[in-house]
Amino acid sequence: RNCYHALMREDKLKALELARKCVARDPNFPACLHNLATALSMQGDRDSRRQSEEIVDDIFSRFPDYVFARISKVQDAIDAGELERADQLLEPLTRKEDWHGSAAMAHAAVTALLSIAKKDWPGAEHMLGMMRQIDSDDPRIEVIQRDLQAAMLKAGDFGVLSRKLQSRLLQDM
């Protein structure tokens, strides 16, 4: 739990320290392993990112039903521009019925990001609405909202942007 809070606060060094301690206690617990992968990816250097990817691959192969590893794989596919692969990885989660709050939020977030990558603005807005229902204070909401607005502007599609915001953005261009 402390590692999770360090991750949410983006306390990179504390999160890494706590995740390593957790894995040392139980090297076969997927949550500890995933927290370590997340903490490593936050470090920002190439070696840490490579280690993070290897850990996620290991978790995914050993614990294919572990939601956070699957979501990480979806995010990797989105980042690589492999949107069809991202869809395929995400598909098994559409049948999931019982969601824990943090898993539901992570699923909604990655689905919103995939929608943005596919230029599916209504889909992204729908997932943002779901995220607001789950936890309106989650900082990912604001980040994804900005990503959506930036993608829409880049595509020249002002769609769901308010008239006032459209006017202000056009003035800044």
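1. A good place to start is how the chain folds back on itself: residues 24 or more positions apart account for 45% of the contacts in the protein chain with a separation of 6 or more, where contact means heavy atoms within 4.5 Å. Please keep in mind that this is a predicted model, in which local features need pLDDT of at least 70 and side-chain atom pairs count only at pLDDT 80 or more, while totals for chains, interfaces and linings use all residues. Residues are numbered from 1 along each chain as its sequence is written, and side-chain values use heavy atoms, with hydrogens and water left out.

2. Now the overall make-up. The protein chain has 10 helices and zero strands, and its pattern along the sequence reads α-α-α-α-α-α-α-α-α-α. Helices (H or I, at least four residues) and strands (E, at least two) are DSSP runs, numbered from the N terminus. Of the 173 residues in the protein chain, 39% are buried. Here buried means under 20% relative accessible area, exposed means over 50%, and partly exposed is in between, with a 1.4 Å probe and protein chains only.

3. Next, look at K12, which sits in helix α2 (residues 12-25). With 37% relative accessibility, K12 counts as partly exposed. Its C-alpha is 9.3 Å from that of S41, although the two are 29 residues apart in sequence. Setting aside neighbours within four places in sequence, K12 touches M42 and Q43.

4. S41 turns up again around S52, a residue of helix α4 (residues 46-62). Is S52 buried or exposed? S52 is buried, since its relative accessible area is 7%. Beyond neighbours within four places in sequence, the contacts of S52 are A37, T38, L40 and S41.

5. For aromatic pairs, rings of Phe, Tyr and Trp (its six-membered ring) pair if their centres lie within 6.5 Å; planes under 30 degrees apart count as stacked, over 60 as edge-to-face and the rest as tilted. The count by this rule is one aromatic pair. That pair is Y66 with F68, a tilted one at 5.7 Å centre to centre with 55 degrees between the planes. Y66 counts as buried at 17% relative accessibility, whereas F68, at 23%, counts as partly exposed.

6. A helix pair worth a visit is α6 (residues 83-90) with α7 (residues 101-117), which pack at an angle of about 155 degrees with their axes 11 Å apart. Axes are lines fitted to C-alpha atoms, for helices over the stretch in contact, and angles run from 0 to 180 degrees between N-to-C directions. The two helices are therefore roughly antiparallel to each other, a label for angles over 145 degrees; under 35 counts as roughly parallel, 65 to 115 as roughly perpendicular and the rest as oblique.

7. Which residues in α6 and α7 meet? From α6 come L83, A86, D87 and L90, and from α7 come H107, V110, T111, L114 and A117. By class, this contact has six nonpolar, two polar and one charged residues. Ala, Val, Leu, Ile, Met, Phe, Trp, Tyr, Cys and Pro count as nonpolar, Asp, Glu, Lys and Arg as charged, and the others, Gly among them, as polar.

8. Just one loop residue to flag: K119, in the loop between α7 and α8. K119 has a positive phi of about 60 degrees although it is not a glycine, and at 56% relative accessibility K119 counts as exposed.

9. Finally, Q133 belongs to helix α8 (residues 121-135). Q133 counts as exposed, at 71% relative accessibility. Q133 and M105 are 28 residues apart in sequence, with 9.6 Å between their C-alpha atoms.
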